[in-house]
Amino acid sequence: MREDQPFNSYLWDMVCSELAEVVGYEYVLTSEVDRLAYAVDIMWIPQMWVDQGLKPALPDLVVLPGTVNEVAAVIKIANRYRLPVVPCGGQSGSQGGTLPVYGGITIDIKRLSQIVEISEQAYTVTAQGGINGQHLEWALNRQGLTLAHYPASMHTATLGGYLAARGSGVLSTKYGKAEDMVLSLQVVLPTGEIIRTLPTPKHASGPELTGLFVGSEGTLGIITEAKMRVDPLPQTRRFRSFLFPNLSSGLEAGKKIMLQRLHPAVIRLYDPYSTAKVVKRVIGLDVEGVYIVIGFDGPEELVALEEKLAWEICLSFGGQDLGSEAGLQWWEHRYDFYYPPFVKALPKLFGTTETQTTYDNIEQLYSAKKQAIEEGFRDWNAHYYGHFSHWYPWGVMIYDQFMVENPPDDPHEAISLHNRMWAASVRASLANGGVLNEHHGIGLKLGWFMPEQYGDAWNLLLKIKQSIDPLGIMNPGKLGFGPPL
Ligand SMILES: Cc1cc2nc3c(=O)[nH]c(=O)nc-3n(C[C@H](O)[C@H](O)[C@H](O)COP(=O)(O)OP(=O)(O)OC[C@H]3O[C@@H](n4cnc5c(N)ncnc54)[C@H](O)[C@@H]3O)c2cc1C
């Protein structure tokens, strides 16, 4: 029995018993230490809060269902008692999407981790939403296949989390974001109904329902199964890197590669600060200035031709060829930045504020964000830097970051600074043709900007939410949706 029961003890015992009837007693977690484990993701605020010995908002209960029917039954119980439900995958999200800010039941779906079918004829995999990303990739690799979705968090994140947050991997320029890979979903709605969307999203039968749930961050239902398209493992993968005289020439080269419809698996262009901070310090390349790495994969002959054409484009914009070794070194160390000793850590204050826009806006967007951070927070000696990755035929994403080495000690002052920096950064994005976010989601952190981004269309999103989740119990407070009704 817990000492801090959220509602009267008779009801609490009823809820626990009912949940245990559904999932089994061992899969209903009530201890404080278990609940604390579900009170944080990698958003800076709860991490800082816990680091200072303060207590974050805890879920009242955590359940780990093992089947889709159990997920549905748990949600029906939550409806009966009007308890908030927070879907949870690998908790690697950076936007506070799994924070139980209104308490309630956190549903961890990692026990739904089965591969239902790998079809070598259709080039598809159907798997449950809680499967770990790396496990899924290994299973596909054993059959000569790949999902080719390689976020830096794939060892932790889940398939459902990839889709719920509209994630993007390092090879997205060729293989697309998670939203481009998904064909069909099974979803448990906030009322406990289980639905399946059409077998593929390429239909002309009305609005596309798979897309409605992709990026919904657990606010419209729980993704319990997804059918994804897969690719054969490439015959070869090669990288080449260059130094450009300035950012403009690097951006022009990348744009031309995309407009010529070459299919690079990766293009990553670093601004000078990032070249120094990441490419030189972490990757270990002795370079300065604007560094770009370009990678191609697939059949040998095609890769050789695409690499040659990209090489010519880079040279024509003043690129200095660093050869393939420097590119390969980048590939082998591409995730080191996210792990000790290189990962940014408390007490530093930092945020990744990535956005995207069309090519005509991109330099202006970058400059406006740099100015908003470095001039707006000069007193804090704030740094802004970034790289350009996830390239499209129409534009490109900026993966940009801000950092303050010595934020205030007082947690409330630190949070105030954090929120002001986020506000300055995302407002600079919105004012310059960008969006709140490109692939990390909105979560709790950026929810309050959703009306600003959507304008008149925000009301429509609210109505969709209200009709699918009439009690407002599904991940309340996220994506800008309010508390439970
Ligand atoms: C070191 C590091 C590197 C990262 N690099 C990348 C990167 O390269 N690319 C990238 O895209 N992201 C990256 N991320 C962010 C994060 O890993 C992604 O957002 C990932 O997709 C989240 O998956 P998850 O399973 O951990 O989801 P969680 O953090 O558990 O949840 C994220 C959101 O999705 C909801 N959700 C989770 N599962 C479901 C489900 N089955 N149904 C409905 N809603 C659900 C949650 O309620 C929450 O709102 C990184 C994170 C870390 C820690």
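This report walks through the cores, a sheet, the cavities and one buried serine of a predicted model.

**Nonpolar cores**

Let's start inside. The largest nonpolar core holds 57 residues, and the members touching the most others are Leu 269, Phe 388, Trp 391 and Met 421. Its top contributor is helix 15, spanning residues 411-431, which supplies seven residues. If you would like to pick one of these side chains and look around, try Met 421: leaving out residues up to four places away in sequence, Met 421 touches Leu 349, Ile 373, Phe 377, Ala 382, Phe 402 and Val 404. There is also a second, separate core, with 52 residues, including Val 125, Met 154, Val 187 and Tyr 270.

**A four-stranded sheet**

Next comes an open sheet with four strands in the order 1-2-4-3 and mixed pairing. Strand 1 and strand 3 are the edge strands, each pairing on one side only. Strand 2 and strand 4 pair in the parallel sense over three bridges, and one residue pair to look up is Leu 61 with its bridge partner in strand 4, Ile 105.

Two helices are worth viewing together with this sheet. The table lists each one with the strands involved and an angle.

| Helix | Residues | Strands | Angle |
|---|---|---|---|
| Helix 1 | 9-23 | touches strand 1, strand 2 and strand 4 | about 10° with strand 2 |
| Helix 4 | 68-81 | lies across strand 2, strand 3 and strand 4 | about 170° to strand 4 |

**Cavities**

Rolling a probe the size of a water molecule over the atoms shows where empty space is left. Here the count is two cavities of 30 Å³ or more. The largest cavity has a volume of about 110 Å³. Its lining comprises 15 residues, and those nearest its centre are Arg 268, Tyr 270, Val 278, Phe 337 and His 387. Tyr 270 has come up before, as a member of the second core. Several elements share the lining of the largest cavity: strand 13 (266-270), helix 11 (272-283), strand 18 (383-391) and strand 19 (395-404) each supply at least two residues.

**Ser 429**

Finally, back to helix 15, where Ser 429 is found. Why does Ser 429 count as buried? Its relative accessible area is 1%, and buried means under 20%. Beyond its neighbours within four places in sequence, Ser 429 is in contact with Thr 355, Leu 365, Lys 369, Gly 434 and Val 435. For a distance to check in your viewer, the C-alpha atoms of Ser 429 and Thr 353 are separated by 9.2 Å, with the two residues 76 residues apart along the chain.

Conventions
Residues are numbered from 1 along each chain as its sequence is written. This is a predicted model: local features need pLDDT of at least 70, side-chain atom pairs count only at pLDDT 80 or more; totals for chains, interfaces and linings use all residues. Side-chain values use heavy atoms; hydrogens and water are left out. A nonpolar core is a set of buried Ala, Val, Leu, Ile, Met, Phe, Trp, Tyr and Cys residues joined through side-chain atoms within 4.5 Å. Buried means under 20% relative accessible area, exposed over 50%, partly exposed in between (1.4 Å probe, protein chains only). Contact means heavy atoms within 4.5 Å. Two strands pair if DSSP finds at least two bridges between them. Axes are lines fitted to C-alpha atoms, for helices over the stretch in contact, and angles run from 0 to 180 degrees between N-to-C directions. On a 1 Å grid over the protein atoms alone, a cavity is a set of points where a 1.4 Å probe fits but cannot get out, and a pocket is an open set with protein on both sides within 12 Å along at least five of seven lines; lining residues have an atom within 4 Å of a point. Grid points are joined across faces, edges and corners, and a volume is the space filled by probe spheres set on the points.
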